[in-house]
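Subject: Structure for you to look at

Dear colleague,

I am passing on the structure we spoke about, and below it you will find some notes on what turned up. Please keep it open beside you as you read.

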Amino acid sequence: MDPMDSQMSLIDETQEVIKFLEDAGKNGIISENAMHSRMSACNNLFGVLREGETNAEYVLKNLGLLVGRFKKKNTNVNKNTLKVYKSRVKSSVEDFMQWSRDPIGWEHAMMNKVSVAKPEAPAPVRPKTKSKRPVVSETKEISLPESKKNVRHLSLPIRSEFEIQMTIPADGLTADELIKLQLFLYPFCKDASGDSAPEWPALSTSRH
């Protein structure tokens with residue numbers, strides 16, 4: 001193998017894709033909703049990559065394989081969700097590769113798409129509340145194909161300028177599923193380790 005090829009194979013481009021999506025969202029090139037939806041799909045499928053597979057070209061050529069691996073590890077995920085993940089990862093990696101070749105050209109192309117898109121109705125203004133307790137509210141994400149009867153769309157404000165959006169089964173989560181969600185989010189906690197890390201409360205798994 002050529003030394004340059006060997007060096008390139010060690011570069012984790014999947015992490016660069018995640019950083020690219022974060023920057024695109026922060027700079028307003030894509031919407032925050034699109035940024036979080038794409039990042040969630042990428043984190044899920046990138047999680048089944050093996051050593052030497054973490055480059056953009058490999059991901060793009062083997063999306064079907066990655067979806068199959070993810071499905072094998074997560075047998076409860078339905079086909080519609082897998083299709084959404086595959087589509088979002090494909091768009092994210094393609095945008096990353098185009099941006100890598102021509103950052104300014106890619107940004108202009110994205111801005112042109114936004115300018116010709118049909119404007120959306122403004123979101124309703126939520127009344128301010130004096131309570132400091134986060135309020136979980138029902139919301140709607142147009143891009144997800146699941147029926148309203150089978151899912152609930154939740155929004156949790158965790159900062160004054162930011163909220164977490166998620167979709168859960170209409171009948172709620174089991175204790176095991178709640179633990180999976182906690183473990184999934186734990187790596188994204190920026191103060192989860194070190195001397196200043198808080199003492200994490202144990203999550204009860206008792207059934208009632």
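The notes below go from the interior to the surface.

Please bear in mind that this is a predicted model. Its largest nonpolar core has 29 residues, and those with the most contacts inside this core are Leu21, Cys42, Phe46, Val59, Phe70 and Val89. At least two core residues come from each of α2 (13–26), α3 (32–46), α4 (56–61), α5 (63–73), α6 and α7 (103–116), and α3 gives the most, with six residues. As a general background, nonpolar side chains in soluble globular proteins tend to be buried together.

A good place to start is helix α6, which spans residues 79–101 and includes Val93. Is Val93 buried or exposed? Val93 has a relative accessible area of 1%, and because buried means under 20%, Val93 counts as buried. Setting aside neighbours within four places in sequence, Val93 is in contact with Phe46, Ala56, Val59 and Leu60. Leu60 is 33 residues away from Val93 along the chain, yet their C-alpha atoms are separated by 6.8 Å. With the same kind of neighbours left out, Val89 is in contact with Ala41, Cys42, Leu45, Phe46, Val59 and Leu63.

The surface also deserves a look, since Phe184, Leu185 and Phe188 form a nonpolar patch there, with about 280 Å² of accessible area together. Phe188 is found in the segment after α8 (175–185), and this residue is partly exposed, with a relative accessible area of 49%.

Best wishes

Key:
Residues are numbered from 1 along each chain as its sequence is written. This is a predicted model: local features need pLDDT of at least 70, side-chain atom pairs count only at pLDDT 80 or more; totals for chains, interfaces and linings use all residues. Side-chain values use heavy atoms; hydrogens and water are left out. Patches are made of residues with over 30% relative accessible area and no salt bridge: like charges are joined within 9 Å, nonpolar side chains (Val, Leu, Ile, Met, Phe, Trp, Tyr) within 5 Å. Accessible areas come from the Shrake-Rupley method with a 1.4 Å probe; for residues, only the protein chains shown count as cover. A salt bridge is a side-chain nitrogen of Lys or Arg within 4 Å of a carboxyl oxygen of Asp or Glu. Helices (H or I, at least four residues) and strands (E, at least two) are DSSP runs, numbered from the N terminus. Buried means under 20% relative accessible area, exposed over 50%, partly exposed in between (1.4 Å probe, protein chains only). Contact means heavy atoms within 4.5 Å. A nonpolar core is a set of buried Ala, Val, Leu, Ile, Met, Phe, Trp, Tyr and Cys residues joined through side-chain atoms within 4.5 Å.
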